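I opened the notebook with a short list of things to look up: charges over rings, ring pairs, cysteines and strand pairing. The entries follow in the order I worked.

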Amino acid sequence: MDRRDFLKTCTAVAAASLASPSFFSSLVEAQEGKFKVYKKALLVDKNGNPIKPEDIDPRKQYIFFYPHRATPCLLTNLGKEVPPAKVKLSDGTSYNWQGGVGPKKSIVAYSAICSHQFSHPTPEFSFINYYPENIPSKIVKRGGVIQCCAHLSVFDPAQGAKVIDGPAPFPLTAIVLSYEDGKLYALGTLGKELFEDFFDMFKPDLRKLYRSTRKAKKLVDRCEVIEVEEYAKEVIRC
Ligand code: FES
């Protein structure tokens, strides 16, 4: 599946109110079961207006919560066109990651739940972060990576978040984005999901933050995008 096919798929998903169960099964089969459709959610800024791609600064990192109210994602502008990539997993399966979206095809998003031991941004700390070119990772000595300082896993956001260093066993889950009429939407996920394990592992913390597990798991149709530095009191870099 090339970029055009992938985007056709996303457009079809966006119009999914007409979709039949067999339509969805064929999508899933096309991605070896790695593509999961959730609610279509508009990405908005702090004022509730659709976020503009030009407002996503390549020197910064942003967070939003999708597909559940409590599952954090990183949004980044890699500053250049990012082509689609085939992502291979150690079990021999693979999937086609869409590449960047937006007018410059430079915007990507991934779940911010580390595939190693589930480290993720909280209002107190963020151990997993995007390192722009001006803040290079000390591990791989370059920027343009996502790195988790809990145990030093490094992911390449320009390659479907494949693992480039450290103990993480597989890539971060990709968030499937679409760009329609100047607006950015999240449509679903691609790759191995960790959400159920995440909810089990952090049940007490999530209850405190969201008042109940049911509220934490609620699926969203609108996502506020803010800078990680505004969300977490301490951003840990290494
Ligand atoms: S939890 Fe991220 S590297 Fe271990």
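**Charges over rings**

I began with Arg237. Its charged end sits over the ring of Tyr131, 4.7 Å from the ring centre. I note here that the model is predicted. Tyr131 belongs to strand 8, which spans 128-131. I then looked up a lysine. Lys40 lies over the face of Tyr185, and the distance to the ring centre is 4.3 Å. Lys40 falls within strand 1, residues 35-44. Tyr185 falls within strand 13, residues 183-190. I come back to that strand pair below.

**Ring pairs**

How many aromatic pairs does a search of the whole structure find? I got six. I picked out Phe125 and Phe127 from the search. Their centres are 6.0 Å apart and their planes make 45 degrees, so I logged the pair as tilted, the class between stacked (under 30) and edge-to-face (over 60). I checked accessibility next. Phe125 has 37% relative accessibility, so I logged Phe125 as partly exposed. Phe127 has a relative accessible area of 29% and is partly exposed too. I also found a cluster. Phe198, Phe199 and Phe202 are linked by ring pairs.

**Cysteines**

I counted disulfides and found one. It joins Cys149 to Cys238, with 2.1 Å from S to S. Which hand does the disulfide of Cys149 and Cys238 have? The torsion about the S-S bond is about -100 degrees, so I logged it as left-handed. I then placed both ends in the chain. Cys149 is in the loop between strand 9 (145-148) and strand 10, and Cys238 is in the segment after strand 16 (234-235). The pair therefore ties together parts that are 89 residues apart in sequence. Are Cys149 and Cys238 buried or exposed? Both are buried.

I checked Cys73 as well. Cys73 is in no disulfide. The nearest cysteine sulfur belongs to Cys223, 7.3 Å away. The cut-off for a disulfide is 2.5 Å, so the sulfur of Cys223 at 7.3 Å does not qualify. Cys73 has a relative accessible area of 0%, so I marked Cys73 as buried. Cys148 is buried at 2%.

**The four-stranded sheet**

I traced an open sheet of four strands. The order is 8-9-10-11, and the pairing is antiparallel. Which strands are the edge strands? They are strand 8 (128-131) and strand 11 (162-165), each pairing on one side only. I also looked up the twist. Neighbouring strands of this sheet are turned by 30 degrees against each other on average, direction ignored.

I went through one strand pair in detail. Strand 10 (residues 153-156) and strand 11 pair antiparallel over three bridges. Val154 has Asp165 of strand 11 as its bridge partner.

**Strand 1 and its partners**

I returned to strand 1. Strand 1 pairs with strand 13 in the antiparallel sense, over five bridges. Ala41 has Ala186 of strand 13 as its bridge partner.

In which sense do strand 1 and strand 14 run, parallel or antiparallel? They run parallel, joined by three bridges. Strand 14 covers residues 222-224. Opposite Leu42 I found Arg222 of strand 14. Cys223, noted above for its distance to Cys73, falls within strand 14.

Conventions: Residues numbered from 1 in each chain as written. Predicted model: local features only at pLDDT ≥ 70, side-chain atom pairs only at ≥ 80, totals over all residues. Heavy atoms only, no water. Pairing = 2+ DSSP bridges. Helix = DSSP H or I, 4+ residues; strand = E, 2+ residues; numbered from the N terminus. Axes fitted to C-alpha atoms, helices over the stretch in contact; angles between N-to-C directions. Phe/Tyr/Trp six-rings, centres within 6.5 Å; stacked < 30°, edge-to-face > 60°. Buried < 20%, exposed > 50% of the residue type's maximum accessible area, 1.4 Å probe, protein only. Lys NZ or Arg CZ within 6 Å of the ring centre and 35° of its normal.
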